[in-house]
Amino acid sequence: MKTDSEKNRSKKSYRKQFILFPVVFLLCGYLLLFVSLTPILDPLLSVYRLAFSNANVETIDEPGAGSIFNGSTGLTSGHLNWNDFEFPEYGSAFGRITVEGTEIDTDVIYGDSTTLLKRGACMSMYSHIPGCGTGVLIGAHNNTYFHTLPYVQEGALVHLETTYGSYVYRVYKTAILKNDDAAGYRSELNGDKEVLLLYTCYPNDTIASTPYRFFAFCEYVSGPTVNMYE
Amino acid sequence: MKKLACLMVVAVLLVVSMVPAFAASGINEYEKKLIEYVQTAYVVDGKTITVPAEYITALENVFTNVDTTEAQYNEIKGILDEALAFVKSKNLQTLEDITKTGSTKTLLAYADKALGVVGFKLSTKGSLADADHGLLIITDANGKVIAELHPAVITKTGADFTSAAFCGAAAVAVLAAAGVAVKRFRKESDED
């Protein structure tokens, strides 16, 4: 014959074994499924949004969305005045970048907010567009678009096609700098020589936040020059 | 900290001068004058604060999408003068001074006032003291984003580890729960 306290214990144990633990495991299971299936579901949701909502290819937040780049212009030299070309709009994909010796081949977006960085390589509004004869700063995520940037070798050519011209740069040095080490890049960014600065978080395989950035400094080889002043 | 506070104020002043228009253009003489104003007018304790070249570049980039007229220039300059007078009257020296006195809001209000004249709006996302995530956002009357600026020139380009962190946390939770459950079951079966 079971006493009252034994009955209570048995009741509590029953609750734990048949109610609490299954619920906890179920919730954890759903969480795991959600996280692991998100990469598969996201593209399907994008298709759904495209088909059944007011969104269109210009507004779906996927790589290539908002692109005004339609392939190479073939313009590799000459001079462009401010009224000879269309200045890129914020958030538009106005070009494409490829880097020799790496797998980098991605859109170049004008602006570099957290949202835009999900779409491709992003040009900072703190730098000028290619052709202005000063620094061009482009960054991208280390786990996607610029994952292979640290493997670039000095001398490698960088091809940057834009809506108004085709640019070629050559990597002349690489460096690992802290994100607040402005002295490491400021002279190139604001100098009177055209330099393309490509950067990504370093190390490239880390999933944690890192203060280090891998920089590839590239000298101008060819492409039309641009005048922004009237 | 003083430098950071000054940069922040300068950034706000820059945004004030980003008055949009509806025709794209190069940088005209009035815009050049505004750039010069921003470079030279901000003085703290008798010392001119040198505006970092990156901020001027951002301003130039915005000016390529606008065509500021003489009347607009005068209006903007008036607002810049007011903003500068406010900064001086508050003697803002540190980042704490700006937040303590609620000056950030006031300075952003100057910017919003200027932009509102032509139907544009200024907003912020997150704290501007957070260089990586804080954002100054300018939108047009239709809500289209004209520009977004993080205070940090070099942005955060690390892997987005949110999913991985969730996955890890869930896995740890499942393992911990399983461990506790097994221990309890074993104890109870031993007792029986």
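**View 1. A:Leu157 meets its bridge partner, A:Arg170, in β7(A).** This model is predicted, so local features are described here only at pLDDT of at least 70 and side-chain atom pairs only at pLDDT 80 or more, while totals for chains, interfaces and linings take in all residues. Residues count from 1 along each chain as its sequence is written, chains are lettered from A, and ligands are numbered from 1, in the order in which they are written. Strands β6 and β7 of chain A pair in the antiparallel sense over 5 bridges. Two strands count as paired when DSSP finds at least two bridges between them. Strands are DSSP runs of E with at least two residues, helices are runs of H or I with at least four, and both are numbered from the N terminus. Just 3 residues sit between β6(A) and β7(A), and the two form a hairpin.

**View 2. β6(A) also pairs with β2(A).** Here β2 (residues 93-99) and β6 (residues 157-162) of chain A run antiparallel, joined by 5 bridges. Look for A:Val99, which stands opposite A:Val158 in β6(A).

**View 3. β7(A) pairs with β9(A) too.** β7 covers residues 166-178 and β9 covers residues 212-222 of chain A; their antiparallel pairing has 10 bridges. One spot to find is A:Leu177, whose bridge partner in β9(A) is A:Arg213.

**View 4. Step back, and 8 strands of chain A close into a barrel.** Going round, the order is β2-β3-β4-β5-β8-β9-β7-β6, and the pairing is mixed. Neighbouring strands in this sheet are turned by 30° against each other on average, ignoring direction. For angles like this, axes are lines fitted to C-alpha atoms (for helices, over the stretch in contact), and angles between N-to-C directions run from 0 to 180 degrees.

**View 5. A:Met123 is a buried residue of strand β4(A).** The strand spans residues 121-123 of chain A. A:Met123 counts as buried because 27 other C-beta atoms lie within 10 Å. The cut-off for buried is 20 or more other C-beta atoms within 10 Å of a residue's own, exposed means 12 or fewer, and partly exposed lies in between, with C-beta atoms placed from the backbone. Leaving aside residues up to four places away in sequence, A:Met123 touches A:Val108, A:Ile109, A:Tyr110, A:Asp112, A:Val136, A:Leu137 and A:Ile138. Touching, or contact, means that the C-beta atoms, placed from the backbone, lie within 7 Å. By contrast, A:Glu103 is 20 residues from A:Met123 along the chain, and their C-alpha atoms are separated by 19 Å.

**View 6. A cis peptide bond links A:Tyr202 to A:Pro203.** Its omega is near 0°. Most peptide bonds are trans. A:Pro203 sits in the loop between β8 and β9 of chain A.

**View 7. This is where chain A and chain B touch.** Chain A brings 46 residues to the contact and chain B brings 40. On the chain A side, α1 (4-52), α2 (186-190) and β8 (195-201) each supply at least two residues. α1(A) gives the most, with 11. That side of chain A divides into 22 nonpolar, 20 polar and 4 charged residues. Nonpolar covers Ala, Val, Leu, Ile, Met, Phe, Trp, Tyr, Cys and Pro; charged covers Asp, Glu, Lys and Arg; the others, Gly among them, are polar.

**View 8. Over in chain B, three strands make an open sheet.** The order is β3-β4-β5, with antiparallel pairing. β3 (121-125) and β5 (145-149) of chain B are at the edges with a single partner strand each, so one side of each has no neighbour in the sheet. From one strand to the next, the twist averages 20°. β3(B) and β4(B) (residues 135-139) share 5 bridges, and B:Ser123 has B:Ile137 in β4(B) as its bridge partner.

**View 9. Helix α6(B) lies across β3 and β4 of chain B.** The helix runs at about 145° to β3(B). At 1.5 Å a residue, its 14 residues (103-116) should span 20 Å, which agrees with the 19 Å between its end C-alpha atoms; the expected span is 1.5 Å times one less than the number of residues. Its buried residues are B:Leu107, B:Tyr110, B:Ala111, B:Ala114 and B:Leu115. Seen down the axis, these fall within an arc of 130°, so they line one face of the helix; the arc is that of the directions from the helix axis to the C-beta atoms. On the other side of α6(B), B:Lys105 and B:Gly116 are exposed.

How values were computed:
Two residues are in contact if their C-beta atoms, placed from the backbone, lie within 7 Å.
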